[in-house]
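Visitor: I should like to go through this model with you, point by point. Please show me the sequence and the structure.

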Amino acid sequence: MPILPISLELGQQCRTFYIMKSNLISRSSILGIDPLSDVLSLVKSNGFMSGGLDIGGEWSYNFDADGAFRCFAMVSGCCWLTLADGSEPIEINKGEFFALPHGRRFSLASDPAITPIDMYREMDGPLNGRVLSLRGGGSACLFGALFTFRPDFAKYLTDALPAVLHIGDGADRDALHLYLDRVMALLRRPQPGSVLVTAHLAETMLIEVLRLHLTKATGGDVGWLFALSDDQLSRAVTAMHEQPGRRWTVQQLAERANMSRSAFALRFKEKVGVAVMEYLIRWRMLLAADRLLVSSDPVGAIGGWLGYESESAFVFAFRREMGCTPRQYSHRSAFAA
């Protein structure tokens with residue numbers, strides 16, 4: 001933000017404050033300055049729980065499907081992660097991190113050959129910011145965080161993610177361990193404000209896991225998230241996020257990506273899984289849904305903000321993408337709350 005001159009005249013002071021305020025509360029400062037930050041800001045966690053599990057002996061536990069986004073860190077020892085889809089178990093060693101975005105059934109065990117039991121049979125209640133000792137502890141310790149998100153928005157994120165995000169490389173783990181060490185210290189010796197600090201640290205760990213996963217993306221990954229690892233496509237996606245209400249054309253976005261129109265459209269569809277304009281409309285409707293939830297702006301004003309010349313055109317696009325009209329969406333969300 002540019003430094004503005006200070007004037008002793010009241011009128012100029014008011015104008016200067018207004019300009020500063022406008023810059024400070026611009027959309028980019030609220031939602032972030034990159035597409036991943038935009039999406040994570042929109043998703044907004046509406047539920048959170050974290051804690052540690054200190055487990056002893058030989059063990060195997062089932063976790064039922066619950067729709068939650070889970071993030072784990074192996075503090076000490078090791079374990080095996082087995083998904084319900086029949087895929088091969090994954091070994092998780094000390095210092096490694098993994099996330100399970102889709103809320104499906106899975107198990108953790110000291111040995112994948114052991115028949116698992118329901119984890120909650122041995123727990124005396126929710127973790128809620130504590131380290132729970134099971135079977136005497138001492139063999140393995142995990143930190144776990146469970147997030148729930150607004151469903152309409154979470155799907156936009158989780159659909160772009162695989163069943164497991166596994167961060168096992170030593171160099172990638174260094175930044176994450178700064179957060180993990182602090183979280184575990186707070187869990188073991190709670191202090192005033194520990195619950196809030198732990199929540200923020202866990203959310204930061206989750207973002208780091210997503211970011212590190214993105215940097216390790218392979219050429220075969222498909223989804224908007226992986227377009228961000230492509231320097232040329234990332235410029236176009238960022239442009240759409242920065243100016244969602246602009247009347248973009250495929251040609252203009254191709255120029256942002258420094259590609260021909262045909263090559264850009266083809267690569268975008270291959271990498272993201274949908275056509276360019278389809279992605280833009282989907283992003284606009286998520287922004288509209290968020291605005292309907294957090295503001296009292298008229299439907300026409302929201303449509304205008306997103307580049308629609310008429311309210312009817314906006315309502316038609318919203319209904320096609322979200323399955324209901326903007327007003328129905330507002331009423332349904334208010335009732336659900």
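Visitor: Along strand 9 (residues 131–134), which side chains point to one face and are buried?

Guide: This is a predicted model, in which local features need pLDDT of at least 70, side-chain atom pairs count only at pLDDT 80 or more, and totals for chains, interfaces and linings use all residues. Residues are numbered from 1 along each chain as its sequence is written, and side-chain values use heavy atoms, with hydrogens and water left out. Strands (E, at least two residues) and helices (H or I, at least four) are DSSP runs numbered from the N terminus, and buried means under 20% relative accessible area with a 1.4 Å probe, protein chains only. In strand 9, Val 131 and Ser 133 point to the other face and are not buried, which leaves Leu 132 and Leu 134.

Visitor: Which residue in strand 9 does Gly 52 stand opposite?

Guide: Two strands pair if DSSP finds at least two bridges between them. Strand 1 (residues 45–55) runs parallel to strand 9, joined by four bridges. Opposite Gly 52 stands Val 131.

Visitor: What is the order of the open sheet of five strands?

Guide: Its pairing is mixed. Strand 5 (90–92) and strand 8 (117–118) are the edge strands, each pairing on one side only. The order is 5-4-7-2-8.

Visitor: In strand 7, which residue is the bridge partner of Phe 63?

Guide: Strand 7 (residues 106–109) pairs with strand 2 (residues 60–63) in the antiparallel sense over four bridges. Strand 4 (residues 79–83) also pairs with strand 7 in the antiparallel sense over four bridges, and there Leu 83 stands opposite Phe 106. Within strand 7, Ser 107 and Ala 109 point one way, Phe 106 and Leu 108 the other, and all are buried. The bridge partner of Phe 63 is likewise Phe 106.

Visitor: How many charged residues does the lining of the largest pocket have?

Guide: On a 1 Å grid over the protein atoms alone, a pocket is an open set of points where a 1.4 Å probe fits, with protein on both sides within 12 Å along at least five of seven lines; lining residues have an atom within 4 Å of a point. The lining comprises 15 residues, with Lys 155, Tyr 156, Asp 159, Arg 282 and Glu 321 nearest the centre. Asp, Glu, Lys and Arg count as charged, Ala, Val, Leu, Ile, Met, Phe, Trp, Tyr, Cys and Pro as nonpolar, and the others, Gly among them, as polar. By class there are nine nonpolar residues, one polar and, as charged residues, five.

Methods:
Buried < 20%, exposed > 50% of the residue type's maximum accessible area, 1.4 Å probe, protein only.
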